[in-house]
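Here are some short exercises on reading a protein model. Try each one yourself before you look at the solution.

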Amino acid sequence: MPNKVELLFRRFPILELQHPMAKLQLTVSDMACSACADTITKAVQSLDNQATINADLDTKQVEIASSAPDEQVKKAIADAGYSIQ
Ligand SMILES: [Cu+2]
């Protein structure tokens, strides 16, 4: 008798193949224009080229879905010259 987890993987085999895409929500107040958003996107994608980044210039919110650890993502953004609140 298969257990619940085995049944889940059987139904959704993609769960086995992908890393969990953790969502991270950050405020980057010095992100002023689309070039800033671009720099931040590239910094995160240099860690994880599958990462998706949603940057809102009005609210300074950056939403990141990535399998890279949060601390690495934050460090990459800081190293690119931006401060995270
Ligand atoms: Cu800018």
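The exercises below go from the whole chain to single residues.

This is a predicted model, where local features need pLDDT of at least 70 and side-chain atom pairs count only at pLDDT 80 or more, while totals for chains, interfaces and linings use all residues. Residues are numbered from 1 along each chain as its sequence is written.

**Exercise 1. Find the order of the elements along the chain.**

Solution. Start with the definition: helices (H or I, at least four residues) and strands (E, at least two) are DSSP runs, numbered from the N terminus. Next, list them: the chain has four helices and three strands. Finally, read from the N terminus, and the order is α-α-β-α-β-β-α.

**Exercise 2. Describe the surroundings of Gln-25 and of its strand.**

Solution. First, locate Gln-25: it sits in strand E1, residues 22-27. Now use the cut-offs: a residue is buried if 20 or more other C-beta atoms, placed from the backbone, lie within 10 Å of its own, exposed if 12 or fewer, and partly exposed in between. Gln-25 is exposed because it has 9 other C-beta atoms within 10 Å. Then look at the whole strand: among the six residues of E1, the count of buried residues is zero. Last, find the partner strand, remembering that two strands pair if DSSP finds at least two bridges between them. E1 and E3 run antiparallel and are joined by six bridges; one of the bridge pairs is Ala-22 with Ser-66 in E3.

**Exercise 3. Which residues of H4 are buried, and where do they lie around the axis?**

Solution. Begin with the names: Val-73, Ala-76 and Ile-77 are the buried residues of H4. They lie on the same side of H4 because they cover an arc of only 95° around the axis, the arc being that of the directions from the helix axis to the C-beta atoms. A general rule helps here: an α-helix has 3.6 residues a turn, so residues three or four places apart point the same way. Now turn to the face away from the buried side of H4, which carries the exposed residues Glu-71 and Asp-79. Finally, ask what the buried residues of H4 pack against: E1, H3 and E3.

**Exercise 4. Name the contacts of Val-44.**

Solution. Two residues are in contact if their C-beta atoms, placed from the backbone, lie within 7 Å. Leave out residues up to four places away in sequence, and Val-44 touches Ala-51, Ile-53, Ile-64, Ser-66, Val-73, Ala-76 and Ile-77.
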